Amino acid sequence: MGGFAKEVEVSTSLPPAKAFKAFAEDLDTLLPTVAPQAIKSVERLEGDGGPGTIKKITFAEGYGFSYAKHRVDVLDKDNFLYTYVVIESDFFNNTVEKISYETKFVAAADGGTRIKVTTTFYTIGDIQITPDLMLQIKEASEKRALILKAIENYELANPDI
């Protein structure tokens, strides 16, 4: 199995507890609400939302791929750590075995949060990362960033929810 990791850090004005709740704990309900142009539904297939939970995200028509299944590995409310693995998706195209995401929510000096995401892509067998696959990964990452921005905007507009 081959692969590579990519690290991204973004900031939000949401405090760490609120950011963790929005981007980890409440993600299933927020995604179709704030990004219906991208996310059609989130269905819990197994589990209670904590470690071991399997979820199926169905993307909106025209999004570029139709579904992804996630397995939650860590949901640590005390340390603001959320780790999940995409275990199945039509995005994989017989090239990618899985994609893991480790997300850490760290308090920023201004009261907001620095969100550090390490994404690791694992390819099937000895398949190499091609320029075409890198472009697909870049496009998917950009779409994900837009969805996360929509969640942040929703939370800022609805502080009492």
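A nonpolar core is a set of buried Ala, Val, Leu, Ile, Met, Phe, Trp, Tyr and Cys residues joined through side-chain atoms within 4.5 Å. Keep that in mind as we walk through this structure, which is a predicted model. The largest nonpolar core here has 37 residues, and the members that touch the most others are Leu31, Ile39, Ile99, Ile147 and Ile151. As a general backdrop, nonpolar side chains in soluble globular proteins tend to be buried together.

Let's pick one of those core members and look around. Which residues does isoleucine 147 touch, once residues up to four places away in sequence are set aside? The list is Leu31, Ala35, Ala38, Ile39 and Tyr63. Two of these names, Leu31 and Ile39, also turned up among the core members with the most contacts to other members.

Isoleucine 147 also takes us to a pair of helices. Two packed helices are described by the angle between their axes and the distance between the axes. For helix 2 (residues 27-34) and helix 3 (residues 131-157), the angle is about 95° and the axes are 10 Å apart. Angles of 65 to 115 degrees count as roughly perpendicular, so helix 2 is roughly perpendicular to helix 3. Who makes the contact? On the helix 2 side you'll find Leu27, Leu30, Leu31, Thr33 and Val34, and on the helix 3 side Ile147, Ala150, Ile151, Tyr154 and Glu155. Sort these residues by type and you get eight nonpolar, one polar and one charged.

Stay in helix 2 for a moment, because aspartate 28 is found there too, and its relative accessibility of 16% makes it buried. What does the side chain of aspartate 28 make a polar contact with? The partner is the side chain of lysine 55, at 2.9 Å. Lysine 55 shows up again in the wider list of contacts: beyond its neighbours within four places in sequence, aspartate 28 is in contact with Val42, Arg44 and Lys55.

Over in helix 3 sits serine 141, which is partly exposed because its relative accessibility is 25%. Serine 141 and aspartate 28 are 113 residues apart along the chain, and their C-alpha atoms are separated by 18 Å. Carry on past helix 3 and you reach isoleucine 161, in the segment that follows. Is isoleucine 161 buried or exposed? Its relative accessibility is 60%, so isoleucine 161 counts as exposed. Outside the residues up to four places away in sequence, isoleucine 161 touches Lys18 and Tyr154.

Lys18 brings us to helix 1 (residues 16-25), where seven of the 10 residues are buried, so this helix is largely enclosed by the rest of the structure. The buried ones are Pro16, Lys18, Ala19, Phe20, Ala22, Phe23 and Ala24.

Now for the loops. Threonine 53 lies between strand 2 (39-46) and strand 3 (54-59), and with a relative accessible area of 0% it is buried. The side chain of threonine 53 reaches the backbone nitrogen of aspartate 48 at 3.4 Å. Apart from its neighbours within four places in sequence, threonine 53 is in contact with Arg44, Glu46, Gly47, Asp48, His70, Arg71 and Val72. Arg44 is a name you've met before, as a contact of aspartate 28.

Another loop, between strand 4 (67-76) and strand 5 (81-89), holds phenylalanine 80. Most residues other than glycine have a negative phi. Phenylalanine 80, though, has a positive phi, near 50°. With a relative accessible area of 22%, phenylalanine 80 is partly exposed.

Finally, let's go back to the start of the chain. Glycine 2 lies in the segment before strand 1 (3-12) and is partly exposed, with a relative accessible area of 23%. What does glycine 2 touch, not counting residues up to four places away in sequence? The answer is Phe121, Tyr122, Thr123 and Gly125. As for threonine 119, it is 117 residues from glycine 2 in sequence, and the two are 14 Å apart in space, C-alpha to C-alpha.

Note on methods: Residues numbered from 1 in each chain as written. Predicted model: local features only at pLDDT ≥ 70, side-chain atom pairs only at ≥ 80, totals over all residues. Heavy atoms only, no water. Axes fitted to C-alpha atoms, helices over the stretch in contact; angles between N-to-C directions. Helix = DSSP H or I, 4+ residues; strand = E, 2+ residues; numbered from the N terminus. Parallel < 35°, antiparallel > 145°, perpendicular 65-115°, else oblique. Contact = heavy atoms within 4.5 Å. Nonpolar A, V, L, I, M, F, W, Y, C, P; charged D, E, K, R; others polar. Buried < 20%, exposed > 50% of the residue type's maximum accessible area, 1.4 Å probe, protein only. Polar contact = N/O pair within 3.5 Å; in protein donor to acceptor, adjacent residues only side chain to side chain.
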